[in-house]
Amino acid sequence: MNTKQTIFYKSKWITPEKETKPEVRKGAGYLRQKFSCTCDKAVLYATAHGVYEVKINGQEITKGRLMPGCDSYDKRLQYQEYDITALLRDGENEITALLGDGWYRGCNGIDGVRNLYGSDISFLCAIFADEKEDDPILVTDENWDACEDGAILLTDLELGENFDAGKETKDWHKARVLDFSLDNLISQSAPFITEHEAFEGKLLQTPNGENVYDFGQNLAGYTSFVIEDAMGGEKITLIHGETLDENGNFTIANFQPGDRNKSGGIRQEINYICRRGRNEFRPHFSIFGFRYAKVITDIPLEKISIKSIAVYSDMKVTAGFECGDTAVNKLFNNSLWSMKSNFCDIPTDCPTRERAGWTGDAAVFVKTGTYLMDCRDVYEKWLANVRLSQHEDGKMAYICPKNSEPGKIAEMFSASVGWGDASVIVPWNLYRVYGDKTILSDNYEMMKKWVDFLGERAGKSKLKNRFGKNPYRKYIIDTGMDYGEWCEPGADVMKTMMAAFKNGQPEVATAYYAYSSGILSQIADILGKEEDCARYKQISEKVKSAYRYLVLKDGHIRSERQCEYVRPLALGLLSDEEARDAARDLNELVIKNDYHLNTGFLSTPFLCSVLSDFGYVDTAYRLLLQKGYPSWLYAVDKGATTIWETWDGIREDGTVHDSLNHYSYGAVSGWLLSGVLGIQYDFEKVRIRPVPDKSLKFAKGFYDSPKGRVVSEWRYMEDKDSFSYHFEIPDGMEAELILPGQEPIILLSGSYDF
């Protein structure tokens, strides 16, 4: 039973809806069927258009949530496999399925688009007993009972859930059969979305007299509550938001999309009507980004107990960090929480306004993400969608899977470097950690098409007239639209966009063309593709030369923007001498800026690392510890429990704007592990190269690598004005240790003190 045709060959897609009315927002759908079974083992296979829950004899078959997950459903739809043996009884059994809109036809993304993949909700399943692969004991067909009139009146990922606990499920009828292909079905490989941490709410009364629960942690998930001794018919509304406004009142204004949203905004709302007695509730098919929940009810609040529950893909935390500065510890924790909040089956940008699988976010964070959590399967599932979303000419959709209908703007920005380069950067970084060549081979054709597309862009350069017969002209990209250094402090985004529309962003675009073609050459070599290896190596070297011709004046970069130094240093685009000069100039620029960063989306992850790698350790630490805007610790000082989308998500006057839960700028936590602690993991070679500084007093942490736990710790000994070190290397690992000012030594498995 290893093909979808074998599993579902007798099953039919069925819907509980008597007819499809795409203009009408609906509640949940209900399906049920009885079956007999006497067996030693039974397995259920299931999937849905929409999201589903299944019970056998009234018991949930899994702790997984929001199944079958988020995909490009017209091209890829996961089915799940469950061992249901323990839930069965001899004789008659009953299976029930609950269906909601989910990503398939619910409100999607910032535009609130509905019916993105279809206007139906439907279900497909089969049960096999005792490994009899050719004879299912149950399939979905027209004999199932169905209902679309139950307690769940509205169920939507973004809008929320309306639930009438006193309403009985009624108007049962036979299910309607729908005709859909099985060709897009694929077995689930990513981990289930599951519940994790829970936080009790602290009740506040805001200045305007509203009752608000504060759970102390911004997260993605939902609230659950218990109401005791209800009379029946009482109502409670919970609205979920990330923050309080400048006056201390509850708000959801910071993540509202405005008029562009076709569903009236991101409501994140639960409306519940009690039944008599005890009421216990959590939403079935909604997920919110929030720290606070405003409660509107006539029920005495002492009768209500409420908590928030974090919901994300079932990934293990694989890193820890602690130092002598509590704000830095909070920064690390905030980075981890933003990752948890945005790894719900795919990596997304935020759990509120957009909930989109942005390629750029994934690319800038992947190296840090693989340190913080075991996220390989989530990234690989997402990459499958990225491959499916690539344009024929090689451009990359910048949101994968789609969560709106792409238009002309999407077509233009699908050429954006840094974002499209996720097709190369993400697989490459996964490979460097996990060492599995299939990660590269699965994505190789996608990478080639992207890099070749960049070559086409370069071939159309406007600069050919400016350079005349200069040999570099055909390797410089100065056409097309690129997001560039997104969210750069002090930059006028619209002005930058208009300038880019006319003249391109050749510094950024050419840099990434050189970088990705160079990586692709290495990948081709690993996969034994000799001709490709030579070709892309030659391209990369020529583009590097073109880049240096473009940005260097008398051998130096001349810019007031930190990003234009960070980028070539991080991507290895300069000669050794040029790199030393650029690092020196970057250091002076940071000092001139009073140790504030002014980098944006693409270069911020590398800022501290390039400074410390070139010996400017003091500057890197001053940047890290800076609390004035713009800085990482500015948000911490404002009480952040996650990473913000912008450097000033909460301004000095307390006004709030944009998302307060974006993981991208949390990529600095990768440097805390690989720089401050010095744990530099590559499956081929492990290096420990700590960069201590007495400003932190001490730093310690670990990384649970695929080869085992690596521990690094250092402490500043004030009486000796020096540092002590402690390292632990797991069995079977060999690590190169480089301490400041000392020659490298090899550490085998064991515990070491220096």
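What follows is a friendly exchange between two people about a predicted model.

Colleague: Let's start with the sheet that contains β31, β32, β36 and β37: in what order do the 4 strands lie?

Modeller: This is an open sheet, and its pairing is mixed. β31 (679–680) and β37 (745–747) each have a single partner strand, so they stand at the edges with one side left without a neighbour in the sheet. Reading across, the order is β31-β32-β36-β37.

Colleague: Which residue of β32 stands opposite I679?

Modeller: β31 runs antiparallel to strand β32, residues 686–688, and 2 bridges join them. In that pairing, the residue facing I679 is I688.

Colleague: Let's move to β26. How many of its residues are buried, and which residue of β33 stands opposite C323?

Modeller: Strand β26 covers residues 319–323 and is mostly covered, with 4 of its 5 residues buried. Its pairing with strand β33, residues 698–705, is antiparallel and spans 5 bridges. Within that pairing, C323 has as its opposite number A699.

Colleague: Now for helices: are α11 and α13 roughly parallel or roughly antiparallel?

Modeller: Helix α11 takes in residues 506–526 and helix α13 residues 563–571, and their axes lie 10 Å apart. The angle between them is about 5°. Since angles under 35 degrees count as roughly parallel, the description for α11 and α13 is roughly parallel.

Colleague: Which residues make that contact, and how many of them are charged?

Modeller: α11 contributes E507, V508, A511, Y512 and Y515, while α13 contributes E564, R567, P568 and L571. Sorted by type, the contact residues of α11 with α13 include 6 nonpolar ones and no polar ones. The number of charged residues is 3.

Colleague: I'm curious about S612. With which side chain does its own side chain make a polar contact?

Modeller: S612 sits in helix α15, residues 607–613. Its relative accessible area is 10%, so S612 is buried. Beyond residues up to four places away in sequence, S612 touches V617, A620, W671 and V691. The polar contact of the S612 side chain, at 3.1 Å, is with the side chain of W671.

Colleague: Is A126 buried or exposed?

Modeller: A126 belongs to strand β8, residues 122–129. Leaving out neighbours within four places in sequence, its contacts are I7, F8, S11, V43, L44, Y45, L138 and V139. The relative accessibility of A126 is 0%, so this residue counts as buried.

Colleague: How far apart in space are A126 and E718?

Modeller: In sequence, A126 and E718 are separated by 592 residues. From C-alpha to C-alpha, the distance in space is 68 Å.

Colleague: And A86, is that buried or exposed?

Modeller: A86 is placed in the loop between β6 (77–83) and β7 (91–100). K41 is 45 residues away from A86 in sequence and 8.5 Å away in space, C-alpha to C-alpha. With a relative accessibility of 77%, over the 50% cut-off, A86 counts as exposed.

Colleague: On to backbone geometry: what is omega for the peptide bond from C400 to P401, and what is it for the bond joining Y629 and P630?

Modeller: Most peptide bonds are trans. The bond from C400 to P401 is cis, however, and P401 is in the loop between α5 (376–389) and α6 (408–413). Y629 and P630 are also joined by a cis peptide bond, with P630 in the loop between α16 (617–625) and α17 (632–637). Omega is near -10° for C400 to P401 and, for Y629 and P630, about -5°.

Colleague: What phi does N115 have, and is D554 buried or exposed?

Modeller: Most residues other than glycine have a negative phi. N115, in the loop between α2 (102–105) and β8, is not a glycine, yet its phi is positive at about 55°; its relative accessible area of 23% makes it partly exposed. D554, in the loop between β29 (552–553) and β30 (556–557), has a positive phi near 55°. Its relative accessible area is 74%, so D554 is exposed.

Technical notes:
Residues are numbered from 1 along each chain as its sequence is written. This is a predicted model: local features need pLDDT of at least 70, side-chain atom pairs count only at pLDDT 80 or more; totals for chains, interfaces and linings use all residues. Side-chain values use heavy atoms; hydrogens and water are left out. Two strands pair if DSSP finds at least two bridges between them. Helices (H or I, at least four residues) and strands (E, at least two) are DSSP runs, numbered from the N terminus. Axes are lines fitted to C-alpha atoms, for helices over the stretch in contact, and angles run from 0 to 180 degrees between N-to-C directions. Angles under 35 degrees count as roughly parallel, over 145 as roughly antiparallel, 65 to 115 as roughly perpendicular and the rest as oblique. Contact means heavy atoms within 4.5 Å. Ala, Val, Leu, Ile, Met, Phe, Trp, Tyr, Cys and Pro count as nonpolar, Asp, Glu, Lys and Arg as charged, and the others, Gly among them, as polar. Buried means under 20% relative accessible area, exposed over 50%, partly exposed in between (1.4 Å probe, protein chains only). A polar contact is a pair of N or O atoms within 3.5 Å; within protein, one must be able to donate a hydrogen and the other to accept it, and residues adjacent in sequence count only if both atoms are side-chain atoms.
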